[in-house]
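Reader: I should like a close look at a single part of this model, the surroundings of the ligand. Please describe that part in one connected account.

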Amino acid sequence: MRLSVIGCGYLGAVHAATMASIGHDVIGIDVDSAKIESLGKGDTPFFEPGLEEILNEGLKSGRLRFSQDFADAADADVHFLAVGTPQQQGSDAADLRFVHAALDSLLPVLREGALVVGKSTVPVGTAEDLARRIEHTGATLVWNPEFLREGWAVQDTLAPDRIVVGVPQGAAGAEAADTLREVYRAASTPTTPFIVTDYATSELVKVAANAFLATKISFINAMAEIAEVTGADVSTLADALGHDTRIGRRFLGAGIGFGGGCLPKDIRALTARAEELGVGEAVAFLHEVDQINLRRRDRVVQLAEASLGGSVYQRRIAVLGAAFKPHSDDVRDSPGLDIAVRLHGLGADVIVTDPAATENARQRHPQLTYTTSLDDALRDAEIMILVTEWDEYRRELSPTHAASLMRGSYVIDGRNALDPVDWRGAGFEYQGMGRR
Ligand code: UDX
């Protein structure tokens, strides 16, 4: 099928390349010339395992192209909207400017019978507005939220755990759902749940999923706060809870909490939208989820201060990690990087290392010192703080090697990813998050 993908950021670039990899003829459109040029040459603007391979395969096969010109999307049967919906400046609500701008540019080339498929995460009610905007063209609007995780984006797009499609009522809606079944045929199995619903439900599925995941993380981090004053161990608690199949162990990883381009902004946008709709009370608890999450960062700063006798001023601190999670170079709302910035603000001599994200981190926070060498980061450090659980730190770093480089012997494990017995055995004072 002929597809266009409008917006070639994280979501769009992955979607365009994976759709080409399953045999579609895809044109990726973006207003950013640098992005289009780099993708057209087969260079991925961000780190995502497996993406570069399928991007290059697609370009070589001729099934994947990139352009800045919306006229190049005119032939497509299906147009995917994959632009960003960041948090608005000075507000918790989502900024829909890019969605509307993309539609403005698409409208002049939109054919009767074409399908416009929204993939961006939007406040409930947006699809209905957009459907009204394209009504006169004879094209149909569908909402098809994306659930991909960074670091697993290609795999999640090629083998999604569910496909959700919000369609208008009537024959046009049924036909649109069938078209999407066809689009995703090679990226699903006969048992992949394919849920056809209305616009509002499909929009809510995405934000509700992210709000639930955020709540699960903050729940265990709230338990970590209690564990810290009672001597309980939150990791054992999470294991014990996780054996209850109704609860499950995943997303009960206590630590410095969630970050990234989705969870933080999505819980805020859902709260803002619910307030607009007069049902703010229904999700007032998400404010608490946000606060618990942010408090974990304070805790690390306090631990660092306490370990150095009350002040971090001019003390050497190695921060291991900058990305908001491993297998990613994304530093958007990274809890670990925020901790590094705060320690720097308190006068600490902070050095940050990360296998993939130092360049992105440097662009956002040039005031910090960065290195890609773990040894250089650890050399002469008084405290080591692990904030992103890369295998390089979790599995490959031996406590005796760290001890041979560091000046001090204090380890703060912001992800509960290290073995306290090993680190204590090597002479370190180990401090986890809610962990004995
Ligand atoms: C998330 C959703 O998982 C995905 O379905 C959606 O499409 C986009 O948002 P992503 O932002 O890639 O994906 O990250 P995710 O793996 O969900 O992790 C989010 C944050 O939570 C990370 O900072 C991670 O470190 C943190 N986290 C995760 C925890 O603190 N504890 C956990 O147990 C799990």
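Author: The account below begins with the ligand and its shell and then turns to the two domains. The model is a predicted one, and the values that follow are to be read accordingly.

The ligand is surrounded by 20 residues. The closest of these are Phe-147, Leu-148, Glu-150, Gly-253 and Lys-325. By character, the shell is made up of ten nonpolar, four polar and six charged residues. Among the elements of secondary structure, helix H8, which spans residues 199–230, makes the greatest contribution to the shell, with four residues.

Several polar atoms of the protein lie beside oxygen atoms of the ligand. At Glu-150, a polar backbone atom is 2.7 Å from an oxygen atom of the ligand. At Leu-148, a backbone N or O atom is found 2.8 Å from a ligand oxygen atom. Arg-415 takes part through its side chain, a polar atom of which lies 3.2 Å from an oxygen atom of the ligand. As for cover, the ligand on its own has 670 Å² of accessible area, and the protein covers 89% of that area.

The position of the ligand can also be described in terms of domains. The chain is divided into domain 1, residues 2–197, and domain 2, residues 233–436. Both domains give residues to the shell, and the ligand therefore lies between them.

The two domains also meet each other directly. Their C-alpha centres are 33 Å apart, and 16 residues of domain 1 are in contact with 17 residues of domain 2. Between them, an area of about 1,300 Å² is buried, with carbon and sulfur atoms giving 54% of it. On the domain 1 side, the residues that lose the most area to domain 2 are Phe-47, Asp-92 and Glu-150, which together account for 41% of what that side buries. Glu-150 thus appears in both parts of this account: it is among the residues closest to the ligand, and it is also one of the three residues of domain 1 that lose the most area to domain 2.

Technical notes: Residues numbered from 1 in each chain as written. Predicted model: local features only at pLDDT ≥ 70, side-chain atom pairs only at ≥ 80, totals over all residues. Heavy atoms only, no water. Near = heavy atom within 4 Å. Polar contact = N/O pair within 3.5 Å; in protein donor to acceptor, adjacent residues only side chain to side chain. Areas by Shrake-Rupley, 256 points an atom, 1.4 Å probe, with all protein chains shown as cover. Helix = DSSP H or I, 4+ residues; strand = E, 2+ residues; numbered from the N terminus. Nonpolar A, V, L, I, M, F, W, Y, C, P; charged D, E, K, R; others polar. Domains from an automatic or database assignment. Contact = heavy atoms within 4.5 Å. Buried area = accessible area lost by both parts, 1.4 Å probe.
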